[in-house]
Amino acid sequence: MSALDELSQALTTVSAAIRCRRRTARSRLRGSGVVTADGQVLTNAHNVRGDEVTVTFAGGRTATGTVAGVDVDGDLAVIAVDTAGAPVVGWSNGSEPALGSVVFGAAAIAGGGARVTFGTISGIERSFRGPGGRRIGGSIEHTAPLAPGSSGGPLLDLEGRLVGLNTNRIGEGFYLALPADAALQARVEALGRGESVSRPRLGIAVAPGRVARHLQRSVGLPERDGVLVRAVEDDGPAAKAGIREGDLIVEIAGTPVTEPDQLQELIASTSMPFEVKVVRGADERTVSVGGGASASGEA
């Protein structure tokens, strides 16, 4: 069998594994999905709007499903829906795909059909920002072309096994997928059981330290490393603790903070309540987040 024959056979195998797309009820196509278990469709969290989802399978059959579990920061969602015997896409063996490996990108098209393209693994350990702004690392970069509406669709190997979940487009002709390793499989199984992921959060929008230093210089204040608060969510944890727009966060639970990614990592790994040290103007103060009353220095 020639290399072209093998490639054609692999494309046929992969095409047979693609069975659904998903959209929210009364909405346009938002993304793709993949059947990972009987009655279960995996997609990206950014494709989901609300708790009720309409899924269109190959052949045009539609079914209404519900969101079983969601991990917004991890950009994962599992939909409970009647898959009516649609083939389940098997997981890869969990080993990291090698650079140059041939992969197939699969996605849904309007009307219940599927689009399958092929490319190669062009990078590993890449990162991108999820819907909640957190950096998601360890992603697979590949070159299989994907059209809009492809996010949440599978990245497959030559045997039609799941090696990644297509998530993000970068640059010209490059795409990122969450790797279908043992950790992802465990997270998907937990979401399927209804165990949604909720991480600690402050409820703020921030700017990098360089922005804070520029502002400090412009008003004649001493430069200080930290993360600048650009906005505060009403009634969020930060607002209740007394953190304000314009504050400079310099410590989380006693650990110095210099960049937004570090801030998010510290919050995710710290149990509430915890102390946050901020600089407001020339004054330094410490507040307690998630613990009721503010700590010393808060007005």
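## What sits over helix 3

The buried residues of helix 3 are covered by, among others, strand 14 (204–207), strand 15 and strand 16 (248–252). Helices and strands here are DSSP runs, numbered from the N terminus: H or I over at least four residues for a helix, E over at least two for a strand. This is a predicted model, in which local features need pLDDT of at least 70 and side-chain atom pairs count only at pLDDT 80 or more, while totals for chains, interfaces and linings use all residues. Residues are numbered from 1 along each chain as its sequence is written, and side-chain values use heavy atoms, with hydrogens and water left out.

So which residues of helix 3 are buried? They are Gly209, Ala212 and Gln216, where buried means under 20% relative accessible area, exposed means over 50%, and partly exposed is in between (1.4 Å probe, protein chains only). These buried residues sit on the same side of helix 3, because they cover an arc of only 60° around the axis; the arc is that of the directions from the helix axis to the C-beta atoms. Flip to the other side of helix 3 and you find Arg210 and Ser218 exposed. Just after helix 3 comes Gly220, with a positive phi of about 80°.

## Salt bridges

The structure holds 11 salt bridges, a salt bridge being a side-chain nitrogen of Lys or Arg within 4 Å of a carboxyl oxygen of Asp or Glu. One of them ties helix 3 to the loop that follows: Asp225 and Arg213 meet with N to O at 3.1 Å. Asp225 is in the loop between helix 3 (209–218) and strand 15 (227–232), Arg213 is in helix 3, and the two are 12 residues apart, so this pair links distant parts of the chain. Both ends are partly exposed, Asp225 at 43% relative accessibility and Arg213 at 22%. Elsewhere, salt bridges with shared partners join Arg224, Glu251, Lys277 and Glu284 into one network.

Then there's Arg126 with Glu141, whose closest N and O atoms are 2.0 Å apart. This pair also links distant parts of the chain, with Arg126 in strand 9 (residues 114–129) and Glu141 in strand 10 (residues 135–142), 15 residues apart. Are the two partners buried or exposed? Arg126 is partly exposed, at 33% relative accessible area, whereas Glu141 is buried at 8%. In another pair, the side chains of Arg193 and Glu195 come together at 3.1 Å, N to O. Arg193 is exposed at 57% relative accessible area, and Glu195 is partly exposed at 41%.

## Positive phi away from glycine

Most residues other than glycine have a negative phi. Ala84 has a positive phi, near 50°, and lies in the loop between strand 7 and strand 8. Asp235 is not a glycine either, yet its phi is positive at about 65°. You'll find Asp235 in the loop between strand 15 and helix 4 (237–241), and at 63% relative accessibility Asp235 counts as exposed.

## A nonpolar patch

Val102, Phe118 and Leu158 make a nonpolar surface patch of about 260 Å². Patches take residues with over 30% relative accessible area and no salt bridge, joining like charges within 9 Å and nonpolar side chains (Val, Leu, Ile, Met, Phe, Trp, Tyr) within 5 Å. Val102 lies in strand 8 (residues 102–108) and is partly exposed, at 33% relative accessibility.

## The whole chain

Zooming out, the protein chain has 5 helices and 19 strands. Buried residues make up 44% of its 299 residues. The exposed area is about 13,800 Å², of which carbon and sulfur atoms supply 49%; accessible areas come from the Shrake-Rupley method with a 1.4 Å probe, and for residues only the protein chains shown count as cover. Of the contacts between residues at least 6 apart in sequence, 58% join residues at least 24 apart, a contact meaning heavy atoms within 4.5 Å.

## Confidence

How far does the predictor back all this? Mean pLDDT for the protein chain is 81, and 83% of its residues reach 70 or more; pLDDT is the predictor's confidence in each residue, from 0 to 100. Among the elements, strand 7 (residues 76–80) has the highest mean pLDDT, at 95, and strand 1 (residues 20–24) the lowest, at 45. Residues 21–29 fall below 50, and this stretch has 37 contacts in the model beyond near neighbours in sequence. Residues 292–299 are also below 50, with 17 such contacts.
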